[in-house]
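Please take a moment with the model below before reading on. The paragraphs that follow begin with one pair of strands and widen from there to the whole chain.

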Amino acid sequence: MKNNDKTSSTNHNETLFNSIPVHSIATLVKASVAASAIAAVILVTAILPAEYNIDPTGIGKALGLTQIAEAASVTPDIAVSGSETVFTFGQATPVTSKDMANAPSVALIAQARQTPGVRSDTVKINIPAGKGLEYKLLMDEFVHLEYEWSTGGEELYFDFHGEPKGDTTGYFESFSITTSDKMKGSLTTPFAGAHGWYWKNKTDSAIIVTLSTTGDYSIKG
């Protein structure tokens with residue numbers, strides 16, 4: 001009886017072993033080629049558009065994958081507001097060799113701080129209740145400006161920006177946009193034109209801004 005059990009068990013094991021499929025080399029090669037093809041398709045249609053904004057097929061744009069790469073290339077503008085650092089984001093702008101060539105050197109910035117035209121001013125600006133007001137300085141390209149303003153505690157929405165000289169399209173470039181009661185920092189102007197602040201008072205009372213500036217400029221007001 002025991003021998004019959006052993007024989008039955010042996011036959012059962014042999015049946016299970018023989019039932020396991022054995023793939024030929026040709027089948028394995030076909031499977032490898034198919035896996036490589038699928039990986040290549042995923043690389044071209046998904047990984048390249050999402051990571052590097054490279055979309056040779058146009059599928060990445062249709063699926064919104066290129067927006068991921070574009071969002072990753074956006075860089076923040078940084079402005080110091082009191083003891084906080086404020087980040088404001090805009091559309092990414094590719095840096096070209098022309099931009100690098102036109103960028104001011106360290107020596108040029110240092111010279112701009114020591115030109116004979118450097119002046120210092122402190123003014124008090126009244127921002128009426130529920131109104132907005134601009135204060136601008138006329139400056140040449142690559143001129144250095146140091147500034148500090150404060151309201152004494154009341155917060156204002158503001159946009160610190162520049163408008164190119166001679167432009168008739170209404171274009172302006174914002175350097176920082178936020179809401180605060182004070183701000184201190186510096187700017188090396190990227191172009192000649194009017195540079196300054198727009199403050200918006202959303203309260204029911206007038207707010208006085210005390211602004212101190214040092215640089216080579218003339219006051220537009």
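In this predicted model, strand E5, which covers residues 144–150, and strand E10, which covers residues 207–216, run antiparallel and are joined by six bridges. One of the residue pairs to look for in this pairing is Glu148, whose bridge partner in E10 is Ser212.

The two strands belong to an open sheet of four strands, which has antiparallel pairing and follows the order E3-E10-E5-E8. Strand E3 (118–127) and strand E8 (182–188) stand at the edges of the sheet, and because each has a single partner strand, one side of each is left without a neighbour there. On average, and with direction ignored, neighbouring strands of this sheet are turned by 15° against each other.

From the sheet, the view can pass to the side chains. The largest nonpolar core has 21 residues, and those with the most contacts inside it are Trp149, Phe160, Trp197 and Trp199. At least two residues of this core come from each of E3, strand E4 (132–139), E5, strand E6 (156–164), E8, strand E9 (193–200) and E10. In soluble globular proteins, nonpolar side chains tend to be buried together.

Seen as a whole, the protein chain has six helices and 11 strands, and buried residues make up 25% of its 221 residues. Among contacts between residues at least 6 apart in sequence, 72% join residues that are at least 24 apart. The accessible surface of the protein chain comes to about 14500 Å², and carbon and sulfur atoms account for 57% of that surface.

Technical notes:
Residues are numbered from 1 along each chain as its sequence is written. This is a predicted model: local features need pLDDT of at least 70, side-chain atom pairs count only at pLDDT 80 or more; totals for chains, interfaces and linings use all residues. Side-chain values use heavy atoms; hydrogens and water are left out. Two strands pair if DSSP finds at least two bridges between them. Axes are lines fitted to C-alpha atoms, for helices over the stretch in contact, and angles run from 0 to 180 degrees between N-to-C directions. A nonpolar core is a set of buried Ala, Val, Leu, Ile, Met, Phe, Trp, Tyr and Cys residues joined through side-chain atoms within 4.5 Å. Buried means under 20% relative accessible area, exposed over 50%, partly exposed in between (1.4 Å probe, protein chains only). Contact means heavy atoms within 4.5 Å. Accessible areas come from the Shrake-Rupley method with a 1.4 Å probe; for residues, only the protein chains shown count as cover.
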